[in-house]
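Here is a short report for a reader who is meeting this structure for the first time. Take a look at the whole assembly, then read on.

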There are 2 protein chains.
Amino acid sequence: MFSKTCEYAIRATMYIAQKTKDGQKVSVKEIAHGIDSPEHFIAKILQDLSRRGYVQSAKGPNGGFFLDSNSLQRSLADLVIAVDGDKLFVGCGLGLKQCSELQPCPIHDEFQHIRKSIRNMLENSKLGEFNEQLEQKLAFLKRV
Amino acid sequence: MFSKTCEYAIRATMYIAQKTKDGQKVSVKEIAHGIDSPEHFIAKILQDLSRRGYVQSAKGPNGGFFLDSNSLQRSLADLVIAVDGDKLFVGCGLGLKQCSELQPCPIHDEFQHIRKSIRNMLENSKLGEFNEQLEQKLAFLKRV
DNA sequence: ATTATATAGGATAAAAAAGTCCTTTATTTT
DNA sequence: AAAATAAAGGACTTTTTTATCCTATATAAT
């Protein structure tokens, strides 16, 4: 569904969101540990997300990553599109270069429906809305 | 969603199904052309599907690929699992090694629902059921 | 029997995705 | 000012996916 990079990006961002609601910052090392993912790879991903404004960062001692109010309000759909592009939402299920109502692949209508429900779900979830579940351990970002 | 290999596999199999309902056989070349895909790659994919009984083949002049009644009755889900495995149906949306009701990722429930609808759709579509749409040009396996 | 045809099979190449390592830059603390 | 800390950046490696090529094998037609 999502690329590995995108899965990590979502989990990392949710982790940062949860840890920084009171303004504190988290290091790459802590994030990587917190979501059980390769540290250097996460560093690369966050570097890119930071450059593009999806996460905020500060260098030096007591530095790290955090989310400003703007980033907290972003939807999962925004993040997915930023990382994987929009192919999940607009591409053809069978890989046709052109696939539309006018010239549909055999499963066009069914996929249209599924894609729409994926999109709805991702658009209606904000990055900052999982803090409570995570804190109460009703949801997880790595296996325990 | 699906790997390229799987997309080609589905399209190729649908093409074969349509072309061979009256017992005729189609060559790799014709299939590759009919679904606009790389010939040698399609050959590899069909070789593998043939070995595993998802398509039938005959060597020599007038040979080619075809589907027996058994293969025609197979669901898209069978084929997808054969090619891509079952990760689409059982894996975690955020890539957690363990993700379940007991230890869910933040979007576990929503994904469960989406996965189920994908699975339903694929299980309820038989490879042989698209012939008529394809013939009447109400559905396509390549852009025209 | 010979030739032509078409899949089977194995080796290899190219491209993309995933992951690692090392140096630089900015910032804070002492 | 110096030392320590943490992200930024770039180069590189590994793995996986996608794709190609060449030879062998089976079969049909002549």
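In this predicted model, 31 residues of chain A are in contact with 31 residues of chain B. On the chain A side, the elements that give two or more residues are α1, α7 and α8 (131-135). By class, that side of chain A divides into 17 nonpolar, seven polar and seven charged residues.

**How the copies are related**

Chain A can be laid on chain B by a turn of 180° and a shift of 0.0 Å along the axis. The RMSD of that fit is 0.0 Å. The two copies are thus related as by a two-fold rotation axis. In chain A, M1(A) has the C-alpha nearest this axis, at 2.4 Å. The interface follows the pairing: 100% of the interface residues of chain A are also interface residues in chain B, so the copies meet through the same surface.

**The α7 pair**

One helix pair belongs to this meeting of the chains. Helix α7 (residues 108-123) of chain A packs against helix α7 (residues 108-123) of chain B. Their axes lie 11 Å apart, at an angle of about 175°. Angles over 145 degrees count as roughly antiparallel, and therefore α7(A) is roughly antiparallel to α7(B). Which residues of α7(A) meet α7(B)? They are E110(A), I114(A), S117(A), I118(A) and M121(A). Across from them, α7(B) brings E110(B), I114(B), S117(B), I118(B) and M121(B). This contact has six nonpolar, two polar and two charged residues.

K116(A) is also found in helix α7 of chain A. Is K116(A) buried or exposed? K116(A) counts as exposed, because it has 11 C-beta neighbours inside 10 Å, and 12 or fewer is the cut-off. Its C-alpha is separated by 16 Å from that of G85(A), which is 31 residues away along the chain.

**The DNA strands**

Both chains give residues to the surface near each strand, as the elements listed below show.

| Strand | Residues around it | Nearest residues | Elements giving two or more residues |
|---|---|---|---|
| DNA strand C | 25 residues | K4(A), P38(A), G60(A), S27(B), S57(B) | α1 (4-19) and α3 (39-51) of chain A; α3 (39-51) and β2 (64-66) of chain B |
| DNA strand D | 25 residues | S27(A), S57(A), K4(B), P38(B), G60(B) | α3 and β2 (64-66) of chain A; α1 (4-19) and α3 of chain B |

Which element gives the most to the surface near DNA strand C? That is α3(B), with five residues. Near DNA strand D, the largest share comes from α3(A), also with five residues.

What classes of residue make up these surfaces? The surface near DNA strand C has seven nonpolar, twelve polar and six charged residues. For DNA strand D, the division is seven nonpolar, twelve polar and six charged.

**A loop residue of chain B**

L96(B) sits in the loop between α6 (87-90) and α7 of chain B. L96(B) has 21 C-beta neighbours inside 10 Å and so counts as buried; the cut-off for that class is 20 or more. Which residues does L96(B) contact, leaving aside its neighbours within four places in sequence? In chain A, they are K142(A) and R143(A). In chain B, there is C105(B).

Key. Residues are numbered from 1 along each chain as its sequence is written. Chains are lettered from A and ligands numbered from 1 in the order in which they are written. This is a predicted model: local features need pLDDT of at least 70, side-chain atom pairs count only at pLDDT 80 or more; totals for chains, interfaces and linings use all residues. Copies are superposed by least squares on the C-alpha atoms of residues with pLDDT of at least 70 in both. Two residues are in contact if their C-beta atoms, placed from the backbone, lie within 7 Å. A residue is near a molecule or strand if its C-beta atom, placed from the backbone, lies within 6 Å of it. Helices (H or I, at least four residues) and strands (E, at least two) are DSSP runs, numbered from the N terminus. Ala, Val, Leu, Ile, Met, Phe, Trp, Tyr, Cys and Pro count as nonpolar, Asp, Glu, Lys and Arg as charged, and the others, Gly among them, as polar. Axes are lines fitted to C-alpha atoms, for helices over the stretch in contact, and angles run from 0 to 180 degrees between N-to-C directions. Angles under 35 degrees count as roughly parallel, over 145 as roughly antiparallel, 65 to 115 as roughly perpendicular and the rest as oblique.
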